[in-house]
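Me: Please take a close look at a single part of this structure, after a brief account of the chain as a whole. I should like to know which residues face inwards there and what they pack against.

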Amino acid sequence: MKILFVGDVVGVNGVNLLRKSLPQLKKEYNCDVCIVNGENSNESGTGMNSRDAQDIFGCGADVITGGNHSMRRANMQLYTENEFILCPANLLYSEGGCGVSVVDMGRHQLRVINLMGVAFIDNHRNPFFELDKILKDISCKNIIVDFHAESTAEKYAFANYADGRVSAVIGTHTHVQTNDEQILPKGTAYITDAGAVCANNSVLGVVTELAIEKQKYLKPVQFKTADGEGYVCGVFVETDNNGKTVKIEKFRRLVK
Ligand SMILES: [Fe+2]
Ligand SMILES: [Fe+2]
């Protein structure tokens, strides 16, 4: 199975960059399924509402994942009404069902799981135990986890914990693509962070001056997302008939 995964799409500009680049990427990688993280796709740069989700589907995504901002512009209804829109399964205020999706390709099935880390971020249910709970009910061979987390140590430990039990653990949230894509000893693909889809001239998608003001003075600042050319970042993952990954390749393309 050939799976394309795109990192956090930031704001209207991010969605536009995705619209311009995703059809070509899907064609190039001849992908069966495309997963996009949409937790920053609202025009505000945080959260995603129903309209934002439809825009991302319109760009060519099959499944949309989320993260710590999933509930900022939506309530749980968005995630319970559409099985292809996910928020982290371990959110304290969810039952977990909105964090797992099934993509049926006829001969092959893919499960997409969305989980959040708990180190240096919100304190939700422990993702390690949550993964065990989810995998108990899954017999599917192809399983991709979007692990939305801040800490590199937590991401690495989690991926090794999942090694051999899922096809890939793809990190999201930091908006900076890491250079550590690899296949772990028992066949699970891993990257600490897939990166983002946002303006190049920005701080993680936010207007540079505003981001500096917040970091310099530690005062609340109304963020605006930055416009202009940017990068679309993500990974391509290919699995064999047993759901083991045979290839992981990251991409970071400039889109004007
Ligand atoms: Fe996030
Ligand atoms: Fe994000």
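Reply: With 256 residues, the protein chain would be expected to have a radius of gyration near 18 Å if it were a compact globule, and its value of 17 Å agrees (taken over C-alpha atoms; the rule is 2.2 Å times the number of residues to the power 0.38). This is a predicted model, in which local features need pLDDT of at least 70, side-chain atom pairs count only at pLDDT 80 or more, and totals for chains, interfaces and linings use all residues. Residues are numbered from 1 along each chain as its sequence is written, while chains are lettered from A and ligands numbered from 1 in the order in which they are written.

The C-alpha trace spans about 50 × 40 × 35 Å along its principal axes. The chain holds 6 helices and 13 strands (DSSP runs numbered from the N terminus: H or I of at least four residues, E of at least two). Of its 256 residues, 50% are buried (20 or more other C-beta atoms, placed from the backbone, within 10 Å of the residue's own; exposed means 12 or fewer, partly exposed in between).

The part chosen is helix H2, residues 50-59, whose buried residues are Asp 52, Ala 53, Asp 55, Ile 56 and Cys 59. These lie on the same side of H2, because they cover an arc of only 155° around the axis (from the directions from the helix axis to the C-beta atoms). The buried residues of H2 pack against strand S2 (8-9), helix H1 (11-29), strand S3 (33-37), strand S4 (63-65) and helix H3 (76-81) (contact means C-beta atoms, placed from the backbone, within 7 Å). On the other side of H2, the exposed residues are Arg 51, Gln 54 and Gly 58. Gly 60, just after H2, adopts a positive phi of about 125°.

Note on methods: Contact = placed C-beta atoms within 7 Å.
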